[in-house]
Amino acid sequence: MKIRLLPAVAVLVVFSLNCVYAQDYSVSGHKIILDAGHGGADPGTTQCAGLYEKDANLDIAYKLKVLLGVAGAEVYMTRTDDSTLSNEDRYTYANSTDGEVLVSIHLNGSTDHSVNGTKGLYSKPKKDKAFTSSVHSAMSSDLGVKDLGITNFMSGVILKFSRPATIQESVYLSNTQECEMFKAGTRGNDVAVALFNGLNNWFEN
Ligand SMILES: [Zn+2]
């Protein structure tokens, strides 16, 4: 692992993740686009009282950006604050970069607060399916939730991005325990690490 000037925030995240970062990562040298779902006027799921999905997604995106940066990857973000973005804004920006893959970060929601599980979505069968499957493969075991598999879903953001893309609905934010863990500040790390592992899995192959 190449560490030059490690930002304080990276040190914090790495230490809170029990220093599992002592090897070379296959994301090193790759360019990755992170799309934090929703934002601004669009809160995403509101089924976790006191925490909107849009804010939890952005928090995960920043944590994942730090991990990827420490591992030597270059990261682009479709949003870095609470902006309202259309799907077109997102894929137009993504296509303008030289990012190789795009991960759209979402959390699921249900009015049934007992429901939980992890799901991956792909749009372009040829480009997205293998990528989605690779990123999703360890989500269930990493996060300790039921695997709801991967599904074809026509989303503007990943459909119109010209390279491999996936939406990961990592867990249900609406789930009572998940909601508490996110609000306690711990679950965002778990999701960021699970996505980080999934991206390394893709670039390994
Ligand atoms: Zn969402």
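# Close-up views of a predicted model

**View A. His 38 is a buried residue in a loop.** With 23 other C-beta atoms inside 10 Å of its own, His 38 counts as buried, because a residue needs 20 or more such neighbours to be called that. Please keep in mind, here and in the views that follow, that this is a predicted model. His 38 sits in the loop that leads from strand E1 (31-36) to helix H2. Its backbone deserves a look too: the phi angle of His 38 is near 65°, a positive value in a residue that is not glycine.

**View B. The whole protein, for orientation.** Before zooming in further, it helps to know what there is to find. The protein has eight helices and six strands. Followed along the sequence, they come in the pattern α-β-α-β-α-β-β-α-α-β-α-β-α-α. Of the 205 residues in the protein, 47% are buried. Among contacts with a separation of 6 or more, 80% link residues that are 24 or more positions apart.

**View C. Six strands form an open sheet.** In which order do the six strands of the open sheet lie? The order is E2-E1-E3-E6-E4-E5, and the pairing is mixed. Strand E2 (74-77) and strand E5 (147-152) are the edge strands, each pairing on one side only. Direction ignored, neighbouring strands of this sheet are turned by 20° against each other on average. As background, strands of a sheet pair through backbone hydrogen bonds, and they can do so in a parallel or an antiparallel way.

**View D. Strand E6 pairs with E3 and with E4.** This view shows both kinds of pairing around one strand. E3 and E6 pair in the parallel sense, over six bridges. In this pair, Val 103 stands opposite Thr 166 of E6. Turn next to strand E4 (residues 118-122): it runs antiparallel to strand E6 (residues 165-172), and three bridges join the two. Here the bridge partner of Lys 119 is Glu 169 in E6. Is E6 mostly covered or mostly exposed? E6 is mostly covered, as eight of its eight residues are buried.

**View E. Asp 112 is an exposed residue in a loop.** Asp 112 lies between strand E3 (101-108) and E4, in the loop that links them. How many C-beta neighbours does Asp 112 have inside 10 Å? Asp 112 has 10, so it counts as exposed; the cut-off for that class is 12 or fewer. Look also for Gln 47, which is 65 residues from Asp 112 along the chain, while their C-alpha atoms are separated by 9.0 Å.

**View F. Val 191 is a buried residue in a helix.** Helix H8 (residues 187-204) is home to Val 191. Val 191 has 27 C-beta neighbours inside 10 Å and therefore counts as buried. Which residues does Val 191 contact, leaving aside its neighbours within four places in sequence? They are Ile 60, Leu 143, Ser 170 and Val 171. For Ser 170, the C-alpha separation from Val 191 is 6.8 Å, with their positions 21 residues apart along the chain.

**View G. Helices H2 and H8 cross.** The axes of helix H2 (residues 53-70) and H8 come within 8 Å of each other and cross at roughly 50°. H2 and H8 are therefore oblique to each other, and H2 passes H8 in a right-handed crossing. On the H2 side the contact is made by Ala 56, Asp 59, Ile 60, Lys 63, Leu 64, Leu 67 and Leu 68. On the H8 side you will find Gly 188, Asn 189, Val 191, Ala 192, Val 193, Leu 195 and Phe 196. Sorted by class, this contact has ten nonpolar, two polar and two charged residues.

**View H. Helices H4 and H8 cross.** How are helix H4 (residues 125-136) and H8 arranged? Their axes come within 7 Å and cross at roughly 130°, so H4 and H8 are oblique to each other. H4 passes H8 in a right-handed crossing. From H4, Phe 131, Ser 134, Val 135 and His 136 meet Leu 195, Gly 198, Leu 199, Asn 201 and Trp 202 of H8. By class, this contact has five nonpolar and four polar residues, and no charged ones.

Definitions and conventions. Residues numbered from 1 in each chain as written. Predicted model: local features only at pLDDT ≥ 70, side-chain atom pairs only at ≥ 80, totals over all residues. Pairing = 2+ DSSP bridges. Helix = DSSP H or I, 4+ residues; strand = E, 2+ residues; numbered from the N terminus. Axes fitted to C-alpha atoms, helices over the stretch in contact; angles between N-to-C directions. Contact = placed C-beta atoms within 7 Å. Parallel < 35°, antiparallel > 145°, perpendicular 65-115°, else oblique. Left-handed = near helix turned anticlockwise from the far one by under 90°. Nonpolar A, V, L, I, M, F, W, Y, C, P; charged D, E, K, R; others polar.
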